[in-house]
Amino acid sequence: MEKNEGSIGDAKKAIREQGTSLEKGLTDAEASKRLERYGYNEIVEKKKNAIVLLARKFYGPIPFMLEVVIILTYFLKEFKDFYIILALLVFNGLVSFMEEKSADNSIELLKNRLRVSARVLRSGAWSIKPAKDIVPGDIIRLRMGDVVPADGVAATSDGLRADQSVLTGETMPSKKGIGDKVYSGSVITGGEGLCVVTATGYSTYYGRTTKLVQEAKPKLHLQTLIVDVVRYLIIMDLVLVTLLFIIATYLFGYSPIELLPFILVVVIASVPVALPAAFTVTMATGTEKLAAKSVLVTKLEAIEEASTVNVICFDKTGTITENKLEVKEVFVVNGASENDVMLAASLCSRRADNDPIDNAVLDYAAKLGIKTSDYEVKKFVPFQPKTKEASATVQHGGKRFTVSKGAVPVLLSDIQMDGKTVALLNRKTEEFSRNKFRTIAVSTYISGKPRIIGIIALYDKPRKDSKELIKELKSLGIRVKMLTGDDVNIAEEIAKEVGIEGKVMSVNELKGKTEGQVKDMIDRTEVFAEIYPDDKFTIVKALQDKGYRVSMTGDGVNDAPALKQAEVGIAVENATDVAKSVAAVVLEKSGVEVIVDMIKESRRIFERMMTYTITKITRVIQILFFIFIAFMLLRSMPILPFELILLIFTNDIVNISVATDHTKYSIKPDVWNVGSLINISLLLGISMLAVSLAFIPIARYLILGLAAFQTFAFLMINVTDNILFYGIRARSRAFGIRPSSKLVAASIGGVLFGILISYYGIIVHPISAYTILVLLVAAAAFMALFNVARVYIFKAHNV
């Protein structure tokens, strides 16, 4: 990478070599020709081999265990076990493979929706185009917050700086003067400038545009915790099967070879074989639902994290308000007229930047019929969050002067004025702020001296639904905090209008305080005024240190640290590329409504995962202890290995269907409490064990032989576990909400499958219709009693 040793001559050379101009850029026709010649400005990623992906689904601890059992059953000539276990292995592998492919396709579609865009000059007109359509010779405008879409040379520079750490590892931004090279993938951190594109696609230094969507698939906290729980279950499993092995071989005369396949299958019964598929389907379904509501999830873990959020920090503009500024009033001083103020403000505004304040100023100036064509802007310094000011050096006839617009306190501190005028401006600013108007001061040169000539009052009204939606967020157990750059008066009035109650504070009050005092003050404050982007990170970190799970909205490059620090960083509509790249969630629509939708859907997903987890642990406890106790009573295996595999197979179908289930969202932030989860599952497992053991006297009453009893036990577990699932999804309610049709179909199909093979003796010993009927009646009665216990268990744990 070359050092910054460019010159004006280098810039002119690049423009000449690319056959373009700073005034017109390329023509649309020429750009089309170059697109055919150079190709799209992108790197086509090499697709993963589908066969390799599929093969990986049969590699790992869980598949290995199944494969060992398959080999053993084959050599022991237990072909029924062999085929069923093989089918289970293939089924889970195929489902996981297809869902991963579907997830990859979804990520690709998401990337297409989040592609970098650029401001491009074509045929003398500026427009926003996808970065992939940029060609060598294009003139592009770069400003703070942009991701550089292609390699080029700076043709103009107004304090242009680029963060090239992604390319060089250097942490300090690099200054880019005229003639210096800028590189694809770097981030503009200050200033602005025009750049002539010299290389695209594979020809760039970086080799591709910045990667906005994280393709890594991090392990979810929820999944990690479930694996930890299952690890303890396997330990319990191993203890039980060891005891079973010793008793069966030494007391009951079983040979180790006879017991080995059965013991391995029992161990497998404790392993969440369907966990990857169930989680993938659930997450994919959730992201699709959110995408349909204009919420793009770029990091899968954000779905889980969003369900635990208990504080949301809203950037006022564009989220709580409409982000449609309009000029309400112009207050003039120093003998200026309204037209004088608007002319000066227009000269330091620019439509190409698509800045809300600039657009409002230019729109109002156009209504007044103000023309700026006779004025030549020699130098333009765009608005910077740190300076809160924009300025332009203007040539008009033989005169050259500077005009500025910015925050009233900033311009007052820059310009010396008489005390009477300063008091008048402050009084008018306070009056405007009480009416919820944002204000900007405008200055120009009068008699060779800078003077403020007026104040422009701007209004960005709150969205009609903001108050109701903020009230709804509060009802969901979430604290709502508002952050704004406006003064305390405006912040307080807007907060009152949308129902945010509590302390209103300027962030300037935090200066000089100890770290502990800062954290306490931030915790007690609901509305932060006069905020700078850097303050957002401080607020997020302080709240996290106080134990909160924080979500933060933002749009600018300086918001990136706060968005990345928050559990759920949300890039709002029209956010910069940098903000989108670090945010976990990107909104395609403004307002609070989409965030409420995200919270609700994430909590539904959490509830589905909780249902799966509790059901899985309860079933393991039920099956393991039933087998152990029944073996002690009968001195024979109460269920055959392949019948146990059949149960796993049919249960997996229901487990995967949980992703489509209709679920209520919780009315408070979700908390993953492992201790409570194990306690609930243990109590439910003991209750289900009691239900299972109650069938042994019934089997004796029916005078069933061993083979018939094994089928009877298989069908009993099949039926009761399907009923169990519906009880757990209802939690402490007597009845849950209506389940999804796919879930009902899966569970009915699983039960019917068990009944049919039991009655007709397909791969199991047949049992009579009367036996099946008695079993179903008993199951209904016993599970009704279980559900009474289930309600009390969940209520006792406040679930």
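Accessible areas here come from the Shrake-Rupley method with a 1.4 Å probe. On that basis, the protein chain in this predicted model exposes about 35000 Å², of which carbon and sulfur atoms supply 57%.

Allow me to continue with the chain as a whole. It has 799 residues, and buried residues make up 54% of them. Its secondary structure comes to 28 helices and 22 strands. Considering contacts between residues at least 6 apart in sequence, 73% join residues at least 24 apart.

I turn now to two helix pairs. In general, two packed helices are described by the angle between their axes and the distance between the axes.

The first pair I wish to discuss is H26, residues 706-730, with H27, residues 741-760; their axes lie 9 Å apart, at an angle of about 165°. Angles over 145 degrees count as roughly antiparallel, and H26 is therefore roughly antiparallel to H27. Their crossing is left-handed. On the H26 side, the contributing residues include Phe714, Leu715, Asn718 and Arg729, while those of H27 include Val744, Ser747, Gly750 and Gly754. By class, this contact has 10 nonpolar, 7 polar and 1 charged residues.

The other pair is H16, residues 466-475, with H22, residues 593-634. Here the axes come within 10 Å and cross at roughly 20°, so H16 and H22 are roughly parallel to each other. The crossing of H16 and H22 is also left-handed. Leu469, Glu472 and Leu473 of H16 meet Glu593, Val596, Ile599 and Lys600 of H22. That contact divides into 4 nonpolar, no polar and 3 charged residues.

Technical notes. Residues are numbered from 1 along each chain as its sequence is written. This is a predicted model: local features need pLDDT of at least 70, side-chain atom pairs count only at pLDDT 80 or more; totals for chains, interfaces and linings use all residues. Side-chain values use heavy atoms; hydrogens and water are left out. Axes are lines fitted to C-alpha atoms, for helices over the stretch in contact, and angles run from 0 to 180 degrees between N-to-C directions. Helices (H or I, at least four residues) and strands (E, at least two) are DSSP runs, numbered from the N terminus. Angles under 35 degrees count as roughly parallel, over 145 as roughly antiparallel, 65 to 115 as roughly perpendicular and the rest as oblique. A crossing is left-handed if the near helix is turned anticlockwise from the far one by less than a right angle, and right-handed if clockwise. Contact means heavy atoms within 4.5 Å. Ala, Val, Leu, Ile, Met, Phe, Trp, Tyr, Cys and Pro count as nonpolar, Asp, Glu, Lys and Arg as charged, and the others, Gly among them, as polar. Buried means under 20% relative accessible area, exposed over 50%, partly exposed in between (1.4 Å probe, protein chains only).
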